[in-house]
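Dear colleague,

I am handing over a structure that you have not worked with before, and I would be glad if you read it alongside the notes that come after it.

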Amino acid sequence: MKQKTLWYCSSCGNESPKWMGRCPACGEWNTMVEAPAEPKTTAKGSRSAVMPSAQERKPLRLGDIDNAAEARVSLGLPEVDRLLGGGIVPGSLVLIGGEPGIGKSTLSLQIPLRSSLHTLYVTGEESARQVKMRAERLGAGMPGQAENVGHDKTVIADPDRQSIDIFCETNIDNVIAQAAANPPQLMIVDSVQTMFTPTMDSTPGSVSQIKEVAAMLLRFAKESGVPVLLIGHITKDGFIAGPKILEHIVDVVLQFEGENRGSYRILRSIKNRFGSTSEIAVFEMTGAGLREVANPSEMLIPMHESGLSGAAICATLDGTRPLLFEVQALVSSAVYGTAQRSATGFDARRLNMLLAVLEKRAGFHLSAKDVFLNMAGGLKVSDPAADLAVTCAVLSSNFDFALPADYCFAGEVGLSGEIRPVAQTDRRIGEAARLGFKKIFVSSYSSFDAKATKGIQVVKVADIPALVKALFK
Ligand code: TYD
Ligand code: MG
C-alpha cells in the first residue's frame, strides 16, 4: 500500500491533503512541504507509554487543585526570568527560536552556568568538546568565582564546578530515557531539528518528526516536572520546518531577533501560558557571551549632545516596557528622476504614507527627494507611536535643523495629518522623565496621569502644522 502523505506549511503548520503554491492559512508562498501522514498506531503507542490510561484520569474540582507546583525556578539571568514571568515553571516546555548564529546555544549554555541548576544539556549539533570550549569561553571573561556583569545580581561561576551533564545524542527516545532515569533540575535540547524518534520513518527535521519530538518532550516535562528548554532554528527560506508549527504545542515561545551584524539581540516572548507576552529582554553579544542590558533605552540613545539634523528620539512601548531610541532620517535631492525611499527597521509603506501626509497636509515637497530612514540599534519598530518621531526626523533633515537632544516624541500620525493618541502615554512620559528628557511631544487628545509629568514638560500637538510651528518656527 502506498503510504499516505500530507502537506504542511513550514511557516504556520497548516495541513493540506495536496500541494499548494500558497498557504491558504498564512498566505506565504512556496512553504508547503510533504511529510508522511502520522501513522495512527505509532503515535498512539508512544503516547500510552507515558500517559496514564483512560480510567486513571478524572476531572478535578478547581478548589482542590494544588498550585504550589507553580513555584518558579530562577534561570540565573534576571532578564530571562522576567520575560518568563518570574522564572521558569516546573514541568513547562519553553521553545527558544531564532536564526542560525543569533546566539541560542550561547544563551542556553549560559543559563546552567549562572543558575547552578543540575542540568542535562542535550546537543545534536556540537561535540562535547565544543560545548566545553564554549563553556570555558563564557566563563573566561569572569575571573574568579563571581563578577558583576551588566546586571547587579548576575554571577558566572566556574564551569568545572557546575553540575552540567552534556549528552551528545539525537535519538529522543534515548534522551528521554536518560532524563527519566536521572531527572535533572533543567533539561536543554539543542535543537529540535536534529532530534528524531525511530518510531517514525521520516528524517530528522521533517514536520512529523519535529511535532513528535516536541510532543514527547512536552509529555516528559509534564510527567516529571522537569522544565525543558527546546531550541529551534528559524530559516527565512522556509525549507526547514520552523518552530511556527510548534507554537501551539509548547507552553512558552521566546524568539531571538536582531541584525546578525549588530551586537544587540532582542529576546521576545510571543507566547506565554504563565505570564504576559510581548515582553522583551535586550542582550549584547560580547566576546564572553551574552550580556544582559538592563536599561535598553540608555544604550539606544546617542551620546552626542545635539547639533545633528535628521535625528529624533522616539518613546515607544515594547510589550509593557517603555523603550526610547533614536530615529534617523536623511533627506536629499534625488539624483535620478524617481526618488528613492528606504527604511530599515520601519515599515516602508508606512514611511511612504507619512511622506504623503507631509506633502498633502503640510505642503512639504518631498516627492523629488530621496528619503532614507533608520532605527537605532537594529531595532524593528511596529509601534504606531513611532510615526511622530519619524515625521520629526524627516522634517529635521529636510530643513537641516537639529532638534534639541532633550526632546522626545510619542504619537501616531493619521491620514489627515492629525496627531493621534497612543496607548499608555503615562509610561512613556515617565520613562522619558527618568532618562532626563526635558520635553515630550504627544497628541492633544492624549489622556495621562499628571503624576507622570514630574520633571518633564509635556507638549500637546493636534496636527502636523501645529508640530511644525512648535519645533521649526
Ligand atoms: P550560537 O549561540 O552558536 O548561535 P545559534 O546557536 O543561535 O546558532 O552563537 C552565534 C555567534 O555568537 C557565533 O557567531 C559566535 C558568537 N559568539 C560570541 O560573539 N561570543 C561568545 O562568547 C560566543 C559563545 C559566541
Ligand atoms: Mg546553536
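The notes below cover how to read the model, then the ligand, then one helix.

This is a predicted model, in which local features need pLDDT of at least 70 and side-chain atom pairs count only at pLDDT 80 or more, while totals for chains, interfaces and linings use all residues. Residues are numbered from 1 along each chain as its sequence is written, chains are lettered from A and ligands numbered from 1 in the order in which they are written, and side-chain values use heavy atoms, with hydrogens and water left out.

Around ligand 1 there are 16 residues (each with a heavy atom within 4 Å of it), and those that come nearest are Gly 101, Ser 105, Thr 106, Thr 286 and Gly 289. By class, this shell holds five nonpolar, seven polar and four charged residues, with Gly counted as polar. A polar backbone atom of Gly 101 lies 2.7 Å from an oxygen atom of ligand 1, and a backbone N or O atom of Gly 289 is 2.6 Å from an oxygen atom of the ligand. Taken alone, ligand 1 exposes 560 Å² (Shrake-Rupley method, 1.4 Å probe), of which the protein buries 76%.

In helix α11 (residues 464-472; helices are DSSP runs of H or I, at least four residues), the buried residues (under 20% relative accessible area, 1.4 Å probe, protein chains only) are Ile 464, Leu 467, Val 468, Leu 471 and Phe 472. Seen down the axis of α11, these buried residues fall within an arc of 100° (taken from the directions from the helix axis to the C-beta atoms), so they line one face of the helix. At the start of α11, a side-chain oxygen of Asp 463 comes to within 3.1 Å of the backbone nitrogen of Ala 466.

With best wishes

Notes: A polar contact is a pair of N or O atoms within 3.5 Å; within protein, one must be able to donate a hydrogen and the other to accept it, and residues adjacent in sequence count only if both atoms are side-chain atoms. Buried means under 20% relative accessible area, exposed over 50%, partly exposed in between (1.4 Å probe, protein chains only). Helices (H or I, at least four residues) and strands (E, at least two) are DSSP runs, numbered from the N terminus.
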